[in-house]
Amino acid sequence: MRFVDKYIEMDKTFYKRLLTIAIPVVLQSVITNGVNMVDNIMLGQFTEAALSGSTQANQFIMLFSFTIMGVSMGASVLSSRYWGAKDFTSLKKAVTIALRFGLALGLGFTLVDVFLPRQVMGLYFRPEAVAEIEAGVEYLRWSTATFLLMALSFALTNIMRSMDLSNVPLIASIFAFGVNVGANYVFIFGKLGFPKMGVAGAALGTVIARAIETGIIVGCFLKNKKLRYRLRDLFMPCGDLVMDFLRISIPVMLSDCLLGLGDNVLAIIMGQIGSGFVSANSITSILQRVSTIFISGLSFSGCFLTGQILGEGRTEDARRQGYTYLILGAIVGGCAALIIRLVSDPVISVYNITDETKAIARELMNALSIIVIFRSTNSILTKGVLRGGGDTRFLLMADMFTMWLIAVPLGALAGLVLHLPTFYTYVFLHADQIIKAIWCVFRLRSGKWIKKIKTETTE
């Protein structure tokens with residue numbers, strides 16, 4: 001009983017609030033990953049070059065999503081505190097700063113996409129992979145509008161979740177899901193009188209869906225009666241909160257950006273290993289996301305509930321709930337590993353790929369079933385509890401160390417120098433997940449992850 005009292009939260013209200021936040025996020029993840037899987041399978045039926053090219057092009061888009069996610073999650077750390085403290089003036093300012101940063105970053109990526117698509121794709125493949133590079137360039141050119149749309153939707157989605165408004169992004173995703181699947185089918189294969197567009201059709205369908213999703217989120221956010229945010233608030237003075245925002249958000253943004261950049265470097269390493277490895281990894285990545293959808297819900301709820309509880313001054317409750325999330329993370333990771341083991345062969349058989357690529361995919365699935373347990377644990381701590389506690393500087397250090405000093409050099413050594421078997425190469429490419437999980441457990445136990453943030457109610 002002493003263990004339960006100290007490390008496991010027994011208050012039913014906590015689990016009710018956890019599920020209230022987590023379930024809409026999980027359902028939204030189901031929809032998003034369902035769309036990704038359908039897109040993946042559609043292009044896999046088209047050609048293997050189309051699958052590889054679009055996968056690597058999406059790595060560049062994912063780099064932006066990591067960056068904007070860092071901005072929005074950093075802002076949500078503040079917004080969850082302000083929401084818990086009922087400090088709506090500061091909350092408005094946090095939203096404004098997040099939108100300004102997000103739109104500026106979106107514009108920067110848009111310019112790169114417009115003027116340097118071929119140079120970007122040249123990083124992800126060997127020079128002789130001409131078909132894959134061309135497919136990636138085509139995907140990027142048709143995806144130009146997605147960066148500014150993502151800047152708006154990502155920032156507002158995470159802030160709305162911190163305000164207990166998770167249902168709005170979920171509803172937007174449901175609409176976007178139907179549009180995306182339908183539009184991709186029509187444009188990729190040339191149905192209903194439209195020309196067969198292949199990779200370009202996949203990108204166009206996704207952009208159309210993203211535009212609808214963003215419109216719903218922005219419209220509902222502006223109609224919120226408690227916050228009463230208006231477009232003119234984008235120009236409100238926010239100088240008094242800039243330092244708090246930078247102190248919390250910049251480490252989060254750098255952490256997520258460096259993770260995204262690290263993932264891109266790993267993708268580049270995979271591209272240099274061979275197109276078969278890229279295609280196999282694409283299949284593996286989709287299954288990984290689908291099998292770990294509940295991790296995202298736990299992570300978001302951990303971040304927001306921790307922030308809200310600390311905003312209410314309940315430090316000891318936040319500590320105990322941190323251990324609860326750790327245990328839940330290990331359980332979810334174990335379930336995800338079992339799912340991957342059970343469905344890997346049926347999933348691989350769906351794709352129109354070579355036998356060599358199928359063999360590589362099976363090896364990657366075996367490795368993933370081990371890595372996912374550590375990924376689940378560290379994601380729930382890094383993206384959830386520790387981030388909600390404001391411990392963003394430590395998380396930046398942990399991400400930089402494990403990704404850039406462990407995963408990247410070990411992955412390059414294993415895949416490009418030693419040419420180790422696929423299983424071991426993939427494990428080394430993701431060794432950061434194992435080290436970071438262990439490191440974060442020790443950080444949680446230390447209690448140093450709880451940081452103070454100034455609000456008007458505590459001045």
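How much space lies in the second largest pocket? In this predicted model, the second largest pocket holds about 190 Å³ of space. Its lining is made up of 15 residues, and I273, F277, E356, I360 and T422 are those that lie nearest the centre of the pocket. Three helices, α11 (275-291), α14 (355-388) and α16 (422-429), each supply at least two residues of this lining. Sorted by class, the lining has nine polar residues, five nonpolar residues and one charged residue.

The domain assignment offers a wider view of the chain. It gives domain 1 as residues 6-236 and domain 2 as residues 248-446. Taken over C-alpha atoms, the centres of domain 1 and domain 2 are separated by 19 Å. To the contact between them, domain 1 brings 57 residues and domain 2 brings 62 residues.

Salt bridges come next, and the count for the model is five. One of them joins the side chains of D233 and K92, with an N to O distance of 3.7 Å. D233 sits in the loop between α9 (199-222) and α10 (239-273), while K92 belongs to helix α4 (residues 88-115), so this pair ties together parts of the chain that are 141 residues apart in sequence. Are D233 and K92 buried or exposed? Both residues are buried.

A salt bridge is also found between the side chains of R118 and E134, here at 2.4 Å from N to O. R118 lies in helix α5 (residues 117-122) and E134 in helix α6 (residues 130-142), so that the pair links distant parts of the chain, 16 residues apart. R118 counts as partly exposed because its relative accessibility is 36%, and E134 counts as partly exposed at 37%.

R362 and D345 provide a further example, their side chains meeting in a salt bridge of 3.3 Å, N to O. Since R362 is in helix α14 and D345 is in helix α13 (residues 315-350), the pair ties together parts 17 residues apart in sequence. With a relative accessibility of 38%, R362 counts as partly exposed; D345 is likewise partly exposed, its relative accessible area being 44%.

Two loop residues deserve a look for their backbone angles. In the loop between α9 and α10, which was met above as the place of D233, lies R228. The phi of R228 is near 55 degrees, a positive value in a residue other than glycine. H419 has a positive phi too, of about 50 degrees, although it is not a glycine. This residue is placed in the loop between α15 (392-417) and α16, the latter being one of the helices that supply residues to the lining of the second largest pocket. Where does H419 stand in terms of accessibility? With a relative accessible area of 58%, H419 is exposed.

Several helical residues complete the picture, beginning with I217 in helix α9. Why does I217 count as buried? I217 counts as buried because its relative accessibility is 0%. Leaving aside neighbours within four places in sequence, I217 is in contact with S153, L156, T157, M160, V168, P169 and A172. For one of these partners, V168, the separation along the chain is 49 residues, and the C-alpha atoms of I217 and V168 are 6.6 Å apart.

T110 is found in helix α4, the helix that also holds K92 of the salt bridge with D233. T110 is buried, with a relative accessible area of 12%. When residues up to four places away in sequence are not counted, T110 touches T144, F147 and L148. From T110 to L140, the C-alpha to C-alpha distance is 9.9 Å, for a sequence separation of 30 residues.

Finally, D244 lies in helix α10. Its relative accessible area is 13%, and therefore D244 is buried. Which distance separates the C-alpha atoms of D244 and C335? These two residues are 91 residues apart along the chain, and their C-alpha atoms are separated by 38 Å.

Methods. Residues are numbered from 1 along each chain as its sequence is written. This is a predicted model: local features need pLDDT of at least 70, side-chain atom pairs count only at pLDDT 80 or more; totals for chains, interfaces and linings use all residues. Side-chain values use heavy atoms; hydrogens and water are left out. On a 1 Å grid over the protein atoms alone, a cavity is a set of points where a 1.4 Å probe fits but cannot get out, and a pocket is an open set with protein on both sides within 12 Å along at least five of seven lines; lining residues have an atom within 4 Å of a point. Grid points are joined across faces, edges and corners, and a volume is the space filled by probe spheres set on the points. Helices (H or I, at least four residues) and strands (E, at least two) are DSSP runs, numbered from the N terminus. Ala, Val, Leu, Ile, Met, Phe, Trp, Tyr, Cys and Pro count as nonpolar, Asp, Glu, Lys and Arg as charged, and the others, Gly among them, as polar. A salt bridge is a side-chain nitrogen of Lys or Arg within 4 Å of a carboxyl oxygen of Asp or Glu. Buried means under 20% relative accessible area, exposed over 50%, partly exposed in between (1.4 Å probe, protein chains only). Domain bounds come from an automatic or database domain assignment. Contact means heavy atoms within 4.5 Å.
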